[in-house]
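Q: I would like a close look at one part of this model, beginning with a turn between two strands and working outwards from there. Please describe the backbone there, what surrounds it, and how the neighbouring elements are arranged.

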Amino acid sequence: MLNVTLYTRKDCKLCDEVKEQLNELQSKYPHRLVEVDIDLDPALIANYGQIIPVIEVGPYRLKAPITPQNLQMNLGAAFDRKNQLEKLGDPEYQMRIKKGKNVNTGDRVSFWIAKRYLLLLNLFMLFYVGLPFLAPTLMKMGAELPAKAIYRIYSPLCHQFGFRSFFLYGEQAYYPLAEANVAGVKTFEQATGIVNLDDPYSFTRFESRAYIGDETVGYKVALFERDVAIYLAILLFGIVFGLTGRRVKSLHWALWLLIGIGPIGLDGFSQLLSQFDWAWLASIIPYRESTPFLRAFTGALFGLATAWFAYPNIEESMSETRQYYIKKFAVHEASQ
C-alpha cells in the first residue's frame, strides 16, 4: 500500500482539510495516511513550521495551499511510479521498502543518540576536563592513590609539565619558568627547586612532569594550561549551544582558521621552534617561553572556534537523522 505522509500539528485547520481530501481519494488511490507532528523536533518546526500542511508521497511533495486537483495528480503519479517499480522488480526499491517496514534496536539506539548527542558530548567534556581538577582535590584530601591514578591516566594524553600547568590549593595558580618573564609570581624553579644549573634552557622536564606538588605550592591539574582552556571552551560552547536551541550557525572555515588555528599555532610553534638547540634557527627565532595567559587565551580561542565550527554541522547531520527516524517510526506505527 502507498504511504502518504502528512506533516501536521495540533489545531491545524488546513491539515484537517487535506485529510478530508485524502479520505475522498481513498477508494481511487488506496493509501495509508502517516501523520508526523512537527512539534516532535525543532528541526521539523524549522523545516515545516511556516508551510504546513505538507504532503509527501513517494518522491513527490506538496505544500500549502494544497488543492484537490494537485493532490489527485500527485497521488496518481506516485501510484504509477510504484506499480512500475514493482513490475521491474528493482532490487534497490525492494530493499528500501523492506528497510522502511522494519524497526529494530539499532534504529531506536540511533534515534536516541541523535536526540541526545549534545548532552552526551557535554557530559563527556565535563568528565574529561573535570577529572584533571579532581586529581589535585584528591591530593589535598589525602587520597593519593586515586589522585595518582588520574595523573597516570592522563599522562599519555598530556605532557603534564609542572611549569605549564595550573595548580590548586597553593600559593599561586601557576608557576612559569623564569624564561617566561611573568612578573609578580614565583617561578617554577623558585617554588620547587627543580632546575638545571648547567643549562637553564635544557630544563629537566622529566622531573617537572613527575612533580605533582605539595601543601605549599599546591597540586597541579592533570591537564596543562592550554588543554584545560581548550576543553573548557568546548564545554562552554556546548552548553550555550544547547540553551539557544541549537540554532547557532556554523562558523565559516576561514574564520575557524583565523581565530582558532592562527593564534594557537603562532604561540605554540614559535615556542617549540625557538627551543630547538640549533644555532641557525636561534638567529631567526629567539628563545621564548609562552606565558600561562597566552596558553589559556589561545587555547580558549581554539576550543571555542572548533566547537563553533563543528557543533552546528553535527546538529545538521543529527537533525536529518532524527527526521528520518521520526517518519520511519510513524510509518511503522501506522502499519500496525
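A: Gly58 has a positive phi near 60° in the hairpin formed by β3 and β4, where two residues sit between the strands. The model is a predicted one, and every value below is computed from it.

The two arms of this hairpin are β3 (residues 54-57) and β4, which run antiparallel and are joined by four bridges. Within that pairing, Ile55 has Leu62 of β4 as its bridge partner. Helix α3 (residues 68-88) packs on the sheet to which these strands belong: α3 touches β1 (2-8), β3 and β4, and its direction makes about 170° with that of β4.

The sheet itself is open and has four strands, in the order β2-β1-β3-β4, with mixed pairing. At its edges are β2 (31-37) and β4 (60-63), each of which pairs on one side only. From one strand to the next, the twist averages 20°. A second helix, α12, lies across β1, β2 and β3 and runs at about 135° to β2.

The loops that flank the hairpin strands hold two peptide bonds to note. The bond from Ile52 to Pro53 is cis, with omega near 0°, and Pro53 is placed in the loop between α2 and β3. The bond from Ala64 to Pro65 is also cis, again with omega near 0°; Pro65 belongs to the loop between β4 and α3. As background, most peptide bonds are trans, and most residues other than glycine have a negative phi.

Helix α12 leads from the sheet to a pocket. The second largest pocket has a volume of about 450 Å³. Its lining consists of 19 residues, and those that lie nearest its centre are Ala46, Arg246, Arg247, Lys249 and Glu315. Two helices, α2 (42-48) and α12 (292-335), each supply at least two residues of this lining. The largest share comes from α12, with seven residues. By residue class, the lining of this pocket divides into seven nonpolar, six polar and six charged residues.

Arg322 is a residue of helix α12. Its relative accessibility is 1%, so Arg322 counts as buried, the cut-off being under 20%. Leaving aside residues up to four places away in sequence, Arg322 touches Asp41, Ala43, Phe111, Ala114, Lys115, Tyr117, Arg246 and Glu315. Two of these contacts, Arg246 and Glu315, are also among the residues that lie nearest the centre of the second largest pocket.

Arg246 has a backbone feature of its own. Its phi is near 60°, a positive value in a residue other than glycine. Arg246 is placed in the loop between α9 and α10 (253-274). With a relative accessible area of 22%, Arg246 is partly exposed, whereas Arg322, which touches Arg246, is buried.

Helix α9, which precedes that loop, belongs with another sheet. Three strands form this open sheet, in the order β5-β7-β6, and the pairing is antiparallel. The edge strands here are β5 (165-168) and β6 (213-214), each pairing on one side only. Strand β7 (residues 218-224) pairs with β5 in the antiparallel sense over three bridges, and Ser165 stands opposite Phe224 in β7. Helix α9 (residues 225-243) lies across β5 and β7, and runs at about 65° to β7.

One further positive phi is found on the other side of β5. Tyr169 is not a glycine, yet its phi is positive at about 70°. Tyr169 is placed in the loop between β5 and α7 (188-192). Its relative accessible area is 40%, so Tyr169 is partly exposed.

To recapitulate the path: the hairpin of β3 and β4 has Gly58 with its positive phi, helix α12 lies across β1, β2 and β3 and supplies seven residues to the lining of the second largest pocket, and Arg322 of α12 touches Arg246, which sits in the loop between α9 and α10.

Key:
Residues numbered from 1 in each chain as written. Predicted model: local features only at pLDDT ≥ 70, side-chain atom pairs only at ≥ 80, totals over all residues. Heavy atoms only, no water. 1 Å grid on protein atoms, 1.4 Å probe; cavity = no way out; pocket = protein on both sides within 12 Å on 5 of 7 lines; lining within 4 Å. Points joined across faces, edges and corners; volume = space filled by probe spheres on them. Nonpolar A, V, L, I, M, F, W, Y, C, P; charged D, E, K, R; others polar. Pairing = 2+ DSSP bridges. Contact = heavy atoms within 4.5 Å. Axes fitted to C-alpha atoms, helices over the stretch in contact; angles between N-to-C directions. Buried < 20%, exposed > 50% of the residue type's maximum accessible area, 1.4 Å probe, protein only.
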